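User: Please take me through the reading of this model one feature at a time. Begin with whatever term I need before the elements can be named.

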Amino acid sequence: MTFANAGAYGSQRRWSQMAAGAPLPSLERYRVHLQATAEWLLRSIRKDGGSAAYLAPLLGWSRSYPETTGYLIPTLLRLHGQLGAADAEAAALRAGEWLLSLQAPEGWWAGGLHPPRGQPRPRVFNTGQILLGLSALHRSTGEARWLDAAARGAAWLAAGVDRTGQWQSGHYRGSFQPSYYTQVAWPMLVVWRLCRNDGIRAAAERVLHSVLLRRRSNGAFAGWGFVPDRPAFTHTIAYTVRGLLECSRLLEDWPRYGAAVEE
């Protein structure tokens with residue numbers, strides 16, 4: 001029996017058991033693991049309000065990481081809704097306050113861990129991920145200050161996009177603009193939907209078009225890793241794909257942006 005056929009047979013057997021009145025597997029174990037994961041994430045929140053980048057076996061928790069703190073906020077808010085965990089909501093708000101304190105007057109956030117070892121430098125990708133958290137806090141609380149900060153960040157991002165859909169600075173790897181910047185266009189469009197700044201939308205679409213030009217005949221995208229012409233990690237592949245999927249939803253244009261990632 002092939003692997004595919006084995007999987008089909010297993011599914012058919014489960015459906016037969018259900019039809020025969022066999023009890024469904026308990027969902028409680030998933031809640032137990034969700035609770036454990038939530039508690040681990042909450043332990044990553046440091047006294048300053050930021051989430052540590054990682055946990056080292058010997059050295060413990062790292063310094064706080066603004067980028068991942070940004071996109072952890074929507075997760076914390078969903079955990080509050082799913083588990084009724086007031087501490088998750090409180091952690092999301094603390095994380096948001098911390099991120100507000102780090103925003104540059106021009107609207108950007110720096111790359112790397114905080115506090116930085118040297119001079120803070122603006123980063124395109126990090127700024128984009130933080131917009132996801134601030135937008136989620138605005139939707140959750142209705143407070144304008146979260147959206148105001150997100151709009152400043154999105155406007156800074158939009159101002160840096162040239163006619164070809166490229167940022168000339170603010171990259172992680174020198175002058176290389178990776179295809180996973182679709183994951184930056186997505187939060188830009190999230191902010192656009194909230195504040196209706198058409199300049200932000202136009203800049204985000206230019207970024208998306210530049211990435212679509214990199215699509216290969218086998219469905220992959222050139223440059224969707226950290227280094228050009230090298231194999232990509234699965235998470236940067238997922239960034240590229242999800243960015244396009246989310247943008248297709250926000251722009252209500254599946255044929256142009258969603259269908260491109262089906263293969």
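Analyst: Helices and strands here are DSSP runs, numbered from the N terminus, with at least four residues for a helix and at least two for a strand. The model itself is predicted. With that term in hand, one boundary can be read: Gly 84 follows H3 and has a positive phi, near 65°. Arg 196 likewise takes a positive phi, of about 60°, just after H7.

User: How many helices and strands does the protein have, and what pattern do they follow along the sequence?

Analyst: There are 10 helices and 2 strands. Along the sequence the pattern reads α-α-β-β-α-α-α-α-α-α-α-α. The C-alpha atoms fill a box of roughly 65 × 50 × 40 Å along the principal axes. Of contacts between residues at least 6 apart in sequence, 62% join residues at least 24 apart.

User: Where does pLDDT stay under 50?

Analyst: Confidence is read residue by residue, on a scale from 0 to 100. The mean pLDDT here is 91, and 91% of the residues reach 70 or more. Residues 1-9 stay under 50, and the model has 2 contacts beyond four places in sequence for them.

User: How do I check a helix against its expected span, taking the 18 residues of H3?

Analyst: The expected span is 1.5 Å times one less than the number of residues. For the 18 residues of H3 that gives 26 Å, and the end C-alpha atoms are 25 Å apart, which agrees. H7 (residues 182-195) has 14 residues, with an expected span of 20 Å and end C-alpha atoms 20 Å apart, so the two values agree.

User: At which residue does H3 bend?

Analyst: The bend, of about 35°, is at Leu 72, and Pro 74 follows within four residues.

User: Which residues of H3 are buried, and what do they pack against?

Analyst: Start with the general idea. An α-helix has 3.6 residues a turn, so residues three or four places apart point the same way. In H3 (66-83), the buried set includes Pro 66, Glu 67, Thr 69, Gly 70, Leu 72, Ile 73 and Leu 76. The buried residues of H3 pack against helix H2 (28-43), helix H4 (86-102), H5 and H9.

User: Is H7 largely enclosed or open to the outside?

Analyst: Enclosed: 11 of its 14 residues are buried, so H7 is largely enclosed by the rest of the structure. Trp 186, Pro 187, Met 188 and Trp 192 are among the buried residues of H7. Its cover includes H5, helix H6 (144-159), helix H8 (198-212) and helix H9 (234-251).

User: Now single residues. Is Ser 64 buried or exposed, and which residues is Ser 64 in contact with?

Analyst: Ser 64 is buried, because its relative accessibility is 0% and the cut-off for buried is under 20%. It sits in the loop between strand S2 (60-61) and helix H3. Its side chain makes a polar contact of 3.5 Å with the side chain of Arg 46. A polar atom of the Ser 64 side chain also lies 3.4 Å from the backbone oxygen of Gly 50. Beyond four places in sequence, the contacts of Ser 64 include Asp 48, Ser 51, Trp 98 and His 114.

User: Where is Ser 140 placed, and is Ser 140 buried or partly exposed?

Analyst: Ser 140 is in helix H5 (residues 124-141). Its relative accessible area is 42%, so Ser 140 is partly exposed. Over the whole protein, buried residues make up 43% of the 263 residues.

User: How many aromatic pairs are counted?

Analyst: Rings of Phe, Tyr and Trp pair if their centres lie within 6.5 Å. The count comes to 11 aromatic pairs. In one of them, Trp 40 and Trp 61 have ring centres 5.2 Å apart and planes at 50°, so the pair is tilted. This pair links distant parts of the chain, Trp 40 in helix H2 and Trp 61 in strand S2, 21 residues apart. Trp 40 is partly exposed at 38% relative accessible area, and Trp 61 is partly exposed at 27%. Phe 226 and Phe 233 also form a tilted pair, 5.7 Å centre to centre with 55° between the planes. Phe 226 counts as partly exposed at 22%, whereas Phe 233 is exposed at 52%.

User: Which residues do ring pairs link into a cluster?

Analyst: The cluster consists of Phe 125, Trp 167, Tyr 172, Tyr 180, Tyr 181, Phe 226, Phe 233 and Tyr 239.

Conventions:
Residues are numbered from 1 along each chain as its sequence is written. This is a predicted model: local features need pLDDT of at least 70, side-chain atom pairs count only at pLDDT 80 or more; totals for chains, interfaces and linings use all residues. Side-chain values use heavy atoms; hydrogens and water are left out. pLDDT is the predictor's confidence in each residue, from 0 to 100. Contact means heavy atoms within 4.5 Å. Buried means under 20% relative accessible area, exposed over 50%, partly exposed in between (1.4 Å probe, protein chains only). A polar contact is a pair of N or O atoms within 3.5 Å; within protein, one must be able to donate a hydrogen and the other to accept it, and residues adjacent in sequence count only if both atoms are side-chain atoms. The bend at a residue is the angle between axes fitted to the seven residues ending there and the seven starting there. Rings of Phe, Tyr and Trp (its six-membered ring) pair if their centres lie within 6.5 Å; planes under 30 degrees apart count as stacked, over 60 as edge-to-face and the rest as tilted.
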